[in-house]
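Trainee: I have a chain open on my screen and would like to learn how to read it. Could you walk me through a few features?

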Amino acid sequence: MKNLRCPFKQNIKQSLRLTMILIKERKPVLAKLETVDCGKPLSESEADMDDVIGCFEYYADLAEGLDAKQKAPISLPMKTFKSYVIREPIGVVALIVPWNYPLLMATWKVAPALAAGCAAILKPSELASVTCLELGEVCREVDLPAGVLNILPGLGPEAGASLASHPHVDKISFTGSTVTAVKIMTAAAQRVKPVTLELGGKGPIVVFEDVDIDKAVEWTIFGCFYTNGQICSATSRLIVHESIAAEFLDRLVKWSENIKISDPLEEGCKLGPIVSRGQYEKVMNFISNAKSEGATILYGGNRPKHLKKGFFVEPTIITDVTTSMQIWREEVFGPVLCVKTFTTEEEAIELANDTHYGLGGAVVSKDRERCDRVSKLLQNGAVWVNCSQPCFCQAPFGGTKWSGFGRELGEWGLESYLSVKQVTEYVSDEQWGWYQPPKQ
């Protein structure tokens with residue numbers, strides 16, 4: 001891109017916009033790097049880059065509006081005082097991101113942190129760091145002031161743990177496993193530093209009997225098999241009304257059979273390989289344990305026969321599941337869907353909330369009032385109605401229970417990197433009059 005570098009350092013707001021422009025120009029290269037690095041289909045990586053671009057633009061807009069909110073007056077009951085609020089950057093923030101959406105998850109944190117005026121240290125996953133390093137190069141090219149954004153690759157126990165306990169890091173924002181989050185919280189607590197945690201999930205998708213079956217089936221497989229099933233908010237527990245269960249599962253298998261599993265760079269690929277050997281073995285162990293506990297592998301559960309190399313797993317549908325089984329209770333982080341049926345709305349809600357997690361959940365029904373009722377009762381930070389997994393940078397995202405706390409995206413994402421200070425002034429010409437004045 002010509003003439004992007006200026007002889008002087010751009011301010012942060014300009015840098016956010018220039019970063020967006022340069023990422024847009026490099027979208028094809030960045031998308032391919034993302035796919036090569038983490039294995040997701042190229043079409044998904046291209047969609048991720050569009051979201052990255054949109055997120056930088058959104059927070060550039062919010063950054064420009066932040067000045068107008070400074071010194072916002074507060075209405076007080078006493079006319080002798082005036083009060084206003086100042087929003088200040090919280091300080092140096094450590095941003096620890098996972099491997100399933102490397103650049104997008106980084107952007108969810110970097111863009112609002114920079115918009116708030118913080119200095120940031122970005123720690124990408126050791127399994128997928130390339131596009132985060134490219135982000136650092138982009139920020140250098142747009143003359144982001146040195147030291148404002150720092151990229152720190154490395155292993156979690158070394159780089160991540162050091163950031164969590166460092167005395168000069170003022171806040172931690174972490175996306176990853178609940179087990180790691182406990183360690184981060186413990187380290188952060190020693191210095192009473194705030195944390196935002198977006199963790200694992202075991203989301204439900206509740207399908208009632210009045211649905212258009214093919215529409216509901218497609219959202220069901222999208223909610224669980226997108227990004228090779230490696231989504232923290234995956235709706236990986238299908239809870240379907242018993243009156244349509246047989247027909248629904250039959251269509252679910254047929255749709256799953258139609259998913260193209262291939263090299264993720266190949267045109268039309270909808271399911272690529274798992275990110276690593278370790279994660280592949282973990283997914284296969286979940287499937288094996290489900291069988292040994294008495295569940296039925298209705299479809300999939302193996303390596304695709306036409307792919308002899310790579311960590312590929314067929315989209316897998318597991319039935320005859322009980323609520324005590326590992327496959328129902330624990331996050332798989334792979335293309336594995338478990339199924340239970342229900343009779344009443346109350347039973348469906350009880351099954352949906354039968355988990356330690358609370359990130360994403362979905363309800364599918366033509367009855368709008370029913371959807372409203374269920375949405376209010378689902379114990380999730382995000383609830384999708386007649387769909388699963390849509391995500392927009394304007395809307396808050398985060399979980400409850402073991403899925404963490406705090407919110408990313410939207411205005412909430414920006415506020416999490418700001419500290420609020422009240423300034424109150426005594427404006428009367430009169431003596432305060434609380435104490436008896438001394439004699440002259």
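Mentor: Gladly, and burial is a good place to begin: buried means under 20% relative accessible area, exposed over 50%, and partly exposed in between, with a 1.4 Å probe and protein chains only. Please keep in mind that this is a predicted model, where local features need pLDDT of at least 70, side-chain atom pairs count only at pLDDT 80 or more, and totals for chains, interfaces and linings use all residues. Residues are numbered from 1 along each chain as its sequence is written, and side-chain values use heavy atoms, with hydrogens and water left out.

Trainee: What is the relative accessible area of Glu-88?

Mentor: The value is 28%, so Glu-88 is partly exposed. Glu-88 belongs to strand β2, residues 81-89. Helices (H or I, at least four residues) and strands (E, at least two) are DSSP runs, numbered from the N terminus.

Trainee: Which residues is Glu-88 in contact with, leaving aside its neighbours within four places in sequence?

Mentor: Contact means heavy atoms within 4.5 Å. By that rule, Glu-88 touches Tyr-417, Leu-418, Ser-419 and Lys-421. Take Ser-419: 331 residues separate it from Glu-88 in sequence, yet their C-alpha atoms are 5.1 Å apart. For the chain, 72% of contacts between residues at least 6 apart in sequence join residues at least 24 apart.

Trainee: How many bridges pair β3 and β4?

Mentor: Two strands pair if DSSP finds at least two bridges between them. Here β3 and β4 (residues 119-123) pair in the parallel sense over 5 bridges, and Leu-95 stands opposite Leu-122 in β4. Strand β3, residues 92-96, is mostly covered, with 4 of its 5 residues buried.

Trainee: Which sign does phi of Val-192 have?

Mentor: Most residues other than glycine have a negative phi, and most peptide bonds are trans. Val-192 has a positive phi, near 50°, and sits in the loop between α7 (178-189) and β7 (195-198). Gln-389 also has a positive value, near 85°, in the loop between β15 (382-385) and β16 (400-401).

Trainee: Is Gln-389 buried or exposed?

Mentor: Gln-389 counts as buried because its relative accessibility is 12%, whereas Val-192 is exposed at 74%.

Trainee: And what is the radius of gyration of the chain?

Mentor: It is taken over C-alpha atoms, and the globule rule is 2.2 Å times the number of residues to the power 0.38. The chain has 25 Å, which agrees with the value near 22 Å for a compact globule of 440 residues. Along its principal axes the C-alpha trace spans about 95 × 55 × 40 Å.
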